[in-house]
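User: Hi! Could you walk me through this structure and explain why each feature gets the label it does?

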Amino acid sequence: MNTRKTITIAHGDGIGPEIMSATLNILKASEANLDFEEIEIGKKVYERGIKSGIDPSSWEPIRRNKILLKAPITTPQGGGVKSLNVTMRKTLGLFANIRPCRSYAPFVKTKHPYMDVVIVRENEEDTYGGIEHRQTYDVFQCLKLITMPGTEKINRYAFEYAKLNKREKVTCFTKDNIMKLTDGLFHDVFKQVAEEYPAIKSENMIVDIGAARLADTPEAFDVVVMPNLYGDIISDIAAQIAGSVGLAGSANIGESCAMFEAIHGSAPDIAGQNVANPSGLINASVMMLIHLGETTTAQHIQNAWLKTLEDGMHTADIYDAQSSEKLVSTTEFQDAVINRLGELPKQLSPVQYPEDPEPIEIKLTYSRGPKKPSKQIDRKLTGTDVFVYWEPGSADSLAELLIEGMQDLSKSMDLIMITNRGTKVWPEGMEETFCTDHWRCRFHSKSSALQSSDIIELLSNLSENGIDIIKTENLYEFDGERAYSLGQGE
Ligand code: NAD
C-alpha cells in the first residue's frame, strides 16, 4: 500500500493561485496520496523587502518534503532583486529541466499535428549564474560558465530519460562553431555519453539551424538536450507551436529535491479573471506523481485531462469557434477534468505508465584532477589577458604604454596581442574596426611557465605606468593543450 507523502506547495503570483487551486482540486478528487504544506514565495515576499523572493524559513519545508509544486511567480524587473526561479533551481541543485511539448491535434489547433518533443534543458549553469559586471563606461559583461560535471550530468540525464521513456533519438543543440570551449565542451561530452547508448540515435545541430528546424518540422525531433539559455528560449517556442504555452508542464530534477511547475509565467494580463488554462500546472503535477511512483493516479488524471481536451472543453488560449465544443473558465475546466476521472480518451492515445517506474540515477565518470592515478593533469600558466579601460584612441599608443610598463618582465614575457570586443586591433589592426573603451591585452611567456607572482608583478608595473586595469584572465595549458580562445583575426 502506498504511504501518504507531504509535498510543499506555493500558490505564486498572477494566475498562479487560480491554476494552483484547480490543480489541487483535481489532485484531491483523484484521491492522490498527498498532503500539502504551503509556503509563500514571490511578489508579496519581494514587497516585504526580501530580495530573494523567499523567506529564509521557507527552505526548511522544501528540503524536508523534497518535492515542491510551484505556481508561476512574477519576477520584479530591475531593482536589484534576483529571479527566485533561478535561485531555487540552483540552490536545490535541480540540474535537469524536463519540458515535454506535444500536440493534441485535431483537438488543439496547431500547425504541427505530429509533434512530440521533450526538451531537456541544463538548469544551473551558462549565463544563469547571473554573474554580471559593468566594467567600463561602454562595456557590460555576463559570464557564461559551463562545467565538466554539470555537462556530464545533463547529457547523461537526457540519454537515461530517452532510454526509460523508450525514445529513439537525442539531439544536442550548441553553438560550438563560435564558443569552442564552452559549447565545445557540451558537444564533446554529448558525443562521449552518446557512445554508451548505441541503441539511441544521436545527432548535434548548431542551435540556430536546429531551432529553425524544430520550429518548422518538430516531428523530426524526439529528445533535445541543450545548455540553459537556449533551452529557456527554445522550450517556450516548442510549447507555443504545440498549441499553447499554457499546456506544458515541467520538472526540475535534482539529486535530492525536485520542483514541478508550468513552463509559462504568471500571466498578469489575465490574472484574477478565471480564464487561465490550468493545464501546464496539471501536467506538471502528473510529472510529479510519476516521480513519486504514484503512477496509477498520474494515469487517471492524464487520461481525464486528454478526454477533456478531446471533448472540446477549452479555455480561451486554445478555444477555436469551429472545433471547440465550449469555451470554459479555469474552474469549469477543472470540473470537466474531475468529472472525467476514470475515463479514457477515444481518439488521443490514452497513457499507460509502468506501475513501478525506475528512478533515473546519474553516475558521473568525471572526477576533478588526475585521470589516471599515476598522472596529474598538467596545468601550466603560460600568460595572462589583462583587460584595461582606455578611452577610445590608438591601439598603438596603448601598446607603447603597456610595453614600457612591463619593465624587466619583458625578458620573460611578450605583449602579443590587443583586442577590442574580441577582435585583434594590435599588431596590424584595421582602421575600420569599431573600438570601445575596453581592451584585452594578451601577455604570453617567452619560454617557461609563469608563476602567479609574475602576473602580480606585471599588474603592479602596468598600474604604476598609468594603466587602468579592470580584470585579468589567466592563460593556461592543460596537458599541453591551449585552454583559451584565440582573438578574432589572431
Ligand atoms: P507569461 O508566460 O506569463 O505570459 C505570456 C503570454 O501567455 C501572456 O499573453 C499570457 O496571458 C499567456 N499565458 C501564459 N500562461 C497562460 C495560461 N496558463 N493560460 C492562458 N494564457 C497564458 O510570460 P510573461 O508575460 O513574459 O511573464 C510574466 C511574469 O511571469 C514575469 O514576471 C516573468 O518573470 C514571470 N515568469 C515566471 C515563470 C515561473 O515562475 N516559472 C516563468 C516565466 C515567466
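**Domains, ligand and cavity**

Analyst: Happy to. The domain assignment of the protein chain gives domain 1 (1-94 + 243-363), domain 2 (111-231) and domain 3 (379-482), with bounds that come from an automatic or database domain assignment. The C-alpha centres of domain 1 and domain 3 are 52 Å apart. This is a predicted model, where local features need pLDDT of at least 70, side-chain atom pairs count only at pLDDT 80 or more, and totals for chains, interfaces and linings use all residues. Residues are numbered from 1 along each chain as its sequence is written, and side-chain values use heavy atoms, with hydrogens and water left out.

User: What makes a residue count as being around the ligand, and which come nearest?

Analyst: A residue qualifies if one of its heavy atoms lies within 4 Å of the molecule. The ligand has 20 such residues, and Ile 73, Gly 265, Ala 267, Asp 269 and Asn 277 come nearest.

User: Why is the pair formed by the ligand and the side chain of Asp 269 called a polar contact?

Analyst: A polar contact is a pair of N or O atoms within 3.5 Å (within protein, one must be able to donate a hydrogen and the other to accept it, and residues adjacent in sequence count only if both atoms are side-chain atoms). An oxygen atom of the ligand is 2.9 Å from an N or O atom in the Asp 269 side chain, so the pair meets the cut-off. The side chain of His 264 places an N or O atom 3.1 Å from a nitrogen atom of the ligand. For Asn 277, a backbone N or O atom lies 2.8 Å from a ligand nitrogen. The protein buries 67% of the 810 Å² that the ligand exposes when taken alone, by the Shrake-Rupley method with a 1.4 Å probe.

User: How do you know that there is a cavity, and what lines the largest one?

Analyst: On a 1 Å grid over the protein atoms alone, a cavity is a set of points where a 1.4 Å probe fits but cannot get out, and lining residues have an atom within 4 Å of a point. By this rule, one cavity of 30 Å³ or more is counted. The largest cavity has a volume of about 30 Å³, the space filled by probe spheres set on the points. Its lining consists of Glu 122, Glu 125, Asp 126, Ile 146, Gly 150, Thr 151, Phe 186 and Pro 227.

Conventions
1 Å grid on protein atoms, 1.4 Å probe; cavity = no way out; pocket = protein on both sides within 12 Å on 5 of 7 lines; lining within 4 Å.
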